[in-house]
Amino acid sequence: MLFPVLAIISGLAILVWSADRFIDGAASLARSLGMSALLIGIIIIGFGTSAPEMIVSAFSALNGNPGIALGNAYGSNISNIALILGITALVKPVIVNSQVLKKELPILTFVTLISAYLIYDAEISHLDAIILLVIFAIYMAWSIWQSRSSSQDSLAAEDITAELAEQSPMSVKLALFWMILGLILLMGSSQLLVWGAVEIATQLGVSDLIIGLTIVAVGTSLPELAASIMAARKGEVDLAVGNIIGSNLFNTLTVVGIAGAISPIQVSNEIFTRDMLVMGALTLSLFVLGYGFRQKIGSINRFEGALLLTSYIAYTYFLISTAL
């Protein structure tokens, strides 16, 4: 049991660190090549923060552990809303007044419903995976078009990119080095993490789905946690909530889509009747918490953040108690 635990701890640590290095290197290289701040924000940083989930799920599918792949994707979505957004609101209450959020939250709800429909037959086939990836491509194209048509969002993206440039100036060679090294370490640490998770699941006699929903999901969501807390402390509350919504869209569409494209995935009944319901309920709760009523600006205050965090603790306790 010792070696699998050490594999998970070291795998998660390297995974988070290498994802950060990959983002820094890729963003700096993109700036050096003349890529706009808008594309850097949407594509580079968006893919970068979801890189741990994507690579872990891809290797899980290749290794014949679909439970970890799906548990990682859907578990990350649950932890993003209940755990990460809950902690972020405890750090600083989140005021939700962005028009972009009001456009993207319905899209996330729609994508969640589509995912539930696709797994209703207890399988994610190659066709289902292609549908998810096509929806993601359409969403990306829509996001770029919407952002280009909004001068305010473009200016915000330029400000963020300028701040990143001041914090981490890199030469092209150094940026390329960190991007390649980060990607190599991402793949290696993902393999280490998946191996440790499978070994612990086997020794404890629980399914790899439970390990994927808990340990792996929280570990691969650490970049989102760091980004959300940093955004909240800087007063960029829209970035904190937007980061959660964007990450959940990436997870639902690309993480599951890539895993299903590699190998068809048999979906256990628990995913549809338990985890998908929890994920859907938490997504719908963002409508209640995020949208204001009676001309009152929507917000997620510390009390509501505590409720989200409590719901995550209760969900995790239920998973562990039923598994053991």
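**Exercise 1.** State what share of the residues of the protein chain counts as buried, and describe its make-up.

*Solution.* Of the 324 residues in the protein chain, 52% are buried, where buried means under 20% relative accessible area, exposed over 50% and partly exposed in between, with a 1.4 Å probe and protein chains only. The model is a predicted one, in which local features need pLDDT of at least 70 and side-chain atom pairs count only at pLDDT 80 or more, while totals for chains, interfaces and linings use all residues. Residues are numbered from 1 along each chain as its sequence is written, and side-chain values use heavy atoms, with hydrogens and water left out. The chain holds 12 helices and 4 strands, taken as DSSP runs (H or I, at least four residues, for helices; E, at least two, for strands) numbered from the N terminus.

**Exercise 2.** Compare the expected span of helix α12 with the distance between its end C-alpha atoms, then locate its buried and exposed residues.

*Solution.* The expected span is 1.5 Å times one less than the number of residues, so the 22 residues of α12 (residues 302-323) should span 32 Å, which agrees with the 31 Å between the end C-alpha atoms. Next, the buried residues of α12 are Glu 304, Gly 305, Leu 308, Leu 309, Tyr 312, Tyr 315, Thr 316 and Leu 319. Because they cover an arc of only 145 degrees around the axis, they lie on the same side of α12, the arc being that of the directions from the helix axis to the C-beta atoms. Finally, the face turned away from this buried side carries the exposed residues Phe 303, Ile 313 and Tyr 317.
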